[in-house]
Amino acid sequence: MPLPSPTERNLQHTRTVTCQGFKRADGLWDIEGHLSDIKTVPIEIKERNNGIVEAGEPIHLLAIRLTVDLELNIHAAVASMDNTPFRLCPSIADRYSLLTGLQIAPGFTKKCKELFSGINGCTHLLELLGPIATTAYQATHQERLEQARQDENHKPFNLNTCHTFDSAGEVVKKYWPNAYEPAELIDVSEIG
C-alpha cells in the first residue's frame, strides 16, 4: 500500500543509502554500503569550498566495506569518508577495522554501538552498519539456504526474528514443521 498523498511541499534534503553484496572469486563476500546527504540549496559549512557547499554537492559521501564468509564472520572491514563537513571527520575511518573478527549475528548491533557510539565513531557510519548487516544476510541467503537444504533437519535462519517467523506461527508450521513449537497456553487463573 503506497503512502497517502502528501501536502504541497518542497524537497530540502536527500539521504541515499545503497548497499550491495558481491560474491568474490575466493569464496568470500564483499558487502558495501554507501551513504550520501545532499541539500537542494547551498549551505554554509566553514571547512568546505570557501565556506559554502552548493546545492547538489554531497555534504556526506561515506562508505563501508565488510568482507564476510557464509557464517557472516567479518574477515576485513574498511571505511572511507570522501565528503564530510569537517576536515577532522575522516580521521575516525580507520577505527572501523575493529569490526574484523566479529560476526553478524544476534548482538551485532549492540556491539557496534559499544564500539562506535559517541566520540568513538561517526554517527553516519554507525547508522550505515545496520543496512550493511541486513544486506550481508540477503546477499548470502541463497547460498546458505542451499547448504542448509542438504541437512533435512535444517531450520530457517530467521526463526523467531519477526512475527512471521514465530516458531509457534502458521508460516513455520507450514514450511518448516520440524522447527514448529506450539505455544504453551497460559492458565489465566494463576495470574495475579
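# Report on a predicted chain of helices and strands

The chain has three helices and six strands. The model is a predicted one. Read from the N terminus, the order of the elements is β-β-β-β-β-β-α-α-α.

## Overall dimensions

The radius of gyration of the chain is 22 Å, whereas a compact globule of 192 residues would have one near 16 Å. Along the principal axes, the C-alpha atoms fill a box of roughly 65 × 50 × 35 Å. Of the 192 residues, 35% count as buried. Among contacts between residues at least 6 apart in sequence, 47% join residues at least 24 apart.

## Strand pairing

Strand β1 covers residues 13-23 and strand β2 residues 29-39; the two run antiparallel and are joined by 11 bridges. One of the bridge pairs is His13 with Lys39 of β2. Five residues lie between the strands of this hairpin, and Gly27 in the hairpin has a positive phi near 90°.

Strand β2 also pairs with β5, in the antiparallel sense and over 10 bridges. Here Leu35 has Leu62 of β5 as its bridge partner. Strand β5 in turn is joined to β6 by eight bridges, and these two strands run antiparallel. Leu62 is part of this pairing too, with Met81 of β6 as its bridge partner. The hairpin of β5 and β6 has five residues between its strands, and Leu72 there takes a positive phi near 65°.

Nine of the 11 residues of β5 are buried, so this strand is largely enclosed by the rest of the structure. In a regular strand, side chains alternate between the two faces of the sheet.

## Positive phi between β3 and β4

Two asparagines stand in the loop that links β3 and β4. Asn49 is found in the loop between β3 (43-44) and β4 (52-53), and Asn50 has its place in that loop between β3 and β4 as well. Asn49 is not a glycine, yet its phi is positive; Asn50, also a residue other than glycine, has a positive phi too. Their values are set out below.

| Residue | Phi | Relative accessible area | State |
|---|---|---|---|
| Asn49 | about 45° | 42% | partly exposed |
| Asn50 | near 60° | 84% | exposed |

## The nonpolar cores

The largest nonpolar core holds 32 residues, and those touching the most other members are Ile64, Leu66, Ile74, Tyr96, Leu99, Ile104 and Leu125. Two or more residues come from each of β2, β5 (58-68), β6, α1 and α2 (123-149). Helix α2 gives the most to this core, with eight residues. A second core, separate from it, has five residues, including Leu159, Phe165, Trp176 and Ala179.

Ile104 serves as an example from the largest core. This residue is found in the loop between β6 and α1. With a relative accessible area of 11%, Ile104 is buried, because under 20% counts as buried. Leaving aside residues up to four places away in sequence, Ile104 touches Leu66, Val68, Leu72, Ile74, Ala133 and Ala136. Leu72, one of these contacts, is also the residue with positive phi in the hairpin of β5 and β6. As for a position elsewhere in the chain, the C-alpha atoms of Ile104 and Thr18 are separated by 19 Å, and these residues are 86 apart along the chain.

## Rings

A search of the whole structure finds one aromatic pair. The pair consists of Tyr96 and Phe116, which are stacked, with 4.2 Å centre to centre and 15° between the planes. The pair counts as stacked because planes under 30 degrees apart meet that criterion. Tyr96 lies in the loop between β6 (74-83) and α1 (108-116), while Phe116 belongs to helix α1, so the pair ties together parts that are 20 residues apart in sequence. Both rings belong to buried residues: Tyr96 has a relative accessibility of 0%, and Phe116 has a relative accessible area of 1%. Tyr96 is also among the residues of the largest core that touch the most other members.

Another ring is involved with a charge. The charged end of Arg144 sits over the ring of Tyr137, at 4.4 Å from the ring centre.

Notes. Residues are numbered from 1 along each chain as its sequence is written. This is a predicted model: local features need pLDDT of at least 70, side-chain atom pairs count only at pLDDT 80 or more; totals for chains, interfaces and linings use all residues. Side-chain values use heavy atoms; hydrogens and water are left out. Rings of Phe, Tyr and Trp (its six-membered ring) pair if their centres lie within 6.5 Å; planes under 30 degrees apart count as stacked, over 60 as edge-to-face and the rest as tilted. Helices (H or I, at least four residues) and strands (E, at least two) are DSSP runs, numbered from the N terminus. Buried means under 20% relative accessible area, exposed over 50%, partly exposed in between (1.4 Å probe, protein chains only). A charge sits over a ring if NZ of Lys or CZ of Arg is within 6 Å of the ring centre and within 35 degrees of the ring normal. Two strands pair if DSSP finds at least two bridges between them. A nonpolar core is a set of buried Ala, Val, Leu, Ile, Met, Phe, Trp, Tyr and Cys residues joined through side-chain atoms within 4.5 Å. Contact means heavy atoms within 4.5 Å. The radius of gyration is taken over C-alpha atoms; the globule rule is 2.2 Å times the number of residues to the power 0.38.
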